Amino acid sequence: MMTSAIQPSSVPASDHIAPAPRVAVQAFCETVEIAGTVQAAGEDRRLAKAHVKVQMGGITAALEAYRSAPTPNVILIESESRGDDLLRGLDSLAEVCDSGTRVIVIGRHNDVVLYRELLRRGVSDYLILPAGALDVVRSICGLFSAPDAKPVGRVIAVLGAKGGVGASTVAHNIAWSIARDLQLDTVVGDLDLAFGTAGLDFNQDPPQGVADAVFSPERIDSAFIDRLLSKCTDHLSLLAAPATLDRLYDFAAEAFDPVYDALRASIPCTVLDVPHQWTGWTRRSVVAADDILIVAGPDLANLRNTKNLLDLLRAARPHDHPPSYCLNQVGVPKRPEIKAADFAKALDAEPVVTIPFEPHMFGTAANNGQMIAELSSSQRLAESFRQLAQLLTGRAQAKKASSGLLSPLLGKLMKRSA
Ligand SMILES: Nc1ncnc2c1ncn2[C@@H]1O[C@H](COP(=O)(O)OP(=O)(O)O)[C@@H](O)[C@H]1O
Ligand SMILES: [Mg+2]
């Protein structure tokens, strides 16, 4: 990597460049030439799935933009400068960068000392001018295809402590918010093969989905999974459940591994809607996820089950931060409920969010095939899903001093996951 960065244009144009996954790329340029070069790179076939946005203003504009907005998968910074002001700028950028964001610097100085300083600061690549569109393509694609590259995608598993607690509803609304508010390409994987509701909730009836993958493991790769996705919104796709009963869904524990590998290689974020079952493959899907959210209702059975799940998952994942849980359907009229504080005491962990019982809003959304945030009267609920989206993707909370319910806790969790 070092040699190719130091001699940028020496590689023949015909070398193989693996296409980039569906990542968001934002460039902050200082000169119109480079803005044009990056724009042209964005039109290259190997970046067809990526979303490339070009702005002017260099690192100053980037700092301004990300003070209050989540960072994309890749940031490109053009800088004329060599010494301390570039490094200082990058240090400030690092403070506002979300975990997982990669930075490429484009500059003029063919200087190994500078290059080392940049790498030390976590910069992924330094492209030296003059560089053409193909150099930019190669640099972006290289972030994801190098043998030691971290896979681009995170998998988030959402499961209910009991059936009917709203786990699927919460999972779908979180995925929608990740796609809309954080602009990350996201897939909802509906693992409730017999009875899943993701198709209904997103008003989709695709002919293909997760069953086509898991019943033909030999065909699975990113391109095959791509064809099984159905597009819901700009950044959101669905890997739907068949929701039919003509087959049985008894799988080997590892059956979904190749599906998750293929998703991780090409989709920045996958939200798994895990059915309320305890089988080899559901357990493995949850244990292997990057992040886990348990959805619980405020009663004794939910409390017991959440405790068992937390204990098991903490033991099975000793080097990860523990799963989060949220309370849902809180405040059903006339129903005796266990208070959030008592839940927290018994579990030795606070719920990351508490969602009220709102039958009119959830019922309307479900019957219309809409998400909560699409209903005009539901902004408070939408905010809860947005906070969950930020927490589960490791995105810093809205960086302007937020007074949200979740923020102190979110800060703590983010530190733990860093
Ligand atoms: N906070 C809530 N208030 C009212 N109804 C809710 C709430 N959350 C979910 N629901 C409703 O509860 C029902 C079960 O939700 P679902 O997501 O299918 O649960 P699960 O996946 O846990 O079985 C659905 O009709 C859904 O609209
Ligand atoms: Mg469900």
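## Parallel strands, crossovers and loops in a two-domain model

Strand β4 (residues 102-107) and strand β5 pair in the parallel sense over four bridges. Two strands count as paired if DSSP finds at least two bridges between them. Helices (H or I, at least four residues) and strands (E, at least two) are DSSP runs, numbered from the N terminus. The structure is a predicted model, in which local features need pLDDT of at least 70, side-chain atom pairs count only at pLDDT 80 or more, and totals for chains, interfaces and linings use all residues. Residues are numbered from 1 along each chain as its sequence is written, and chains are lettered from A and ligands numbered from 1 in the order in which they are written.

Within the pair of β4 and β5, I106 stands opposite L127 of β5. The two strands form a right-handed β-α-β unit together with helix α5 (residues 112-120). A crossover is called right-handed if, with the strands pointing away from the viewer, the path from the first strand over the helix to the second runs clockwise. Strand β5 (residues 125-128) is covered on both faces: D125 and L127 are buried on one side, and Y126 and I128 are buried on the other. A residue is buried if 20 or more other C-beta atoms lie within 10 Å of its own, exposed if 12 or fewer, and partly exposed in between, with C-beta atoms placed from the backbone.

Strands β1 (residues 24-29) and β2 (residues 51-56) also run parallel, joined by six bridges. Here V25 faces V52 in β2. The chain passes from β1 through helix α2 (residues 32-42) to β2, and this β-α-β crossover is right-handed.

The domain assignment, which is automatic or taken from a database, divides the protein chain into domain 1 (2-8 + 20-145) and domain 2 (154-396). Their C-alpha centres lie 33 Å apart. Nine residues from domain 1 and eleven residues from domain 2 take part in the contact, where two residues touch if their C-beta atoms, placed from the backbone, lie within 7 Å.

Helix α7 (residues 167-181) has 15 residues, which should span 21 Å at 1.5 Å a residue; its end C-alpha atoms are 20 Å apart, which agrees. The expected span is 1.5 Å times one less than the number of residues. Of the 15 residues of α7, 14 are buried.

Some backbone angles also deserve attention. Most residues other than glycine have a negative phi, and most peptide bonds are trans. The following residues have a positive phi.

| Residue | Phi | Place |
|---|---|---|
| N203 | near 55° | loop between α8 (198-201) and α9 (210-214) |
| D348 | near 60° | loop between α14 (340-347) and β13 (354-356) |
| Q183 | near 55° | follows α7 |

N203 is exposed because it has 10 other C-beta atoms within 10 Å. D348 is likewise exposed, with 9 other C-beta atoms within 10 Å. A cis peptide bond joins L129 and P130, with omega about 5°. P130 is placed in the loop between β5 and α6 (133-145).

R283 belongs to helix α12 (residues 280-287). R283 has 16 C-beta neighbours inside 10 Å and therefore counts as partly exposed. R283 and A253 are 30 residues apart along the chain, and their C-alpha atoms are separated by 8.1 Å.
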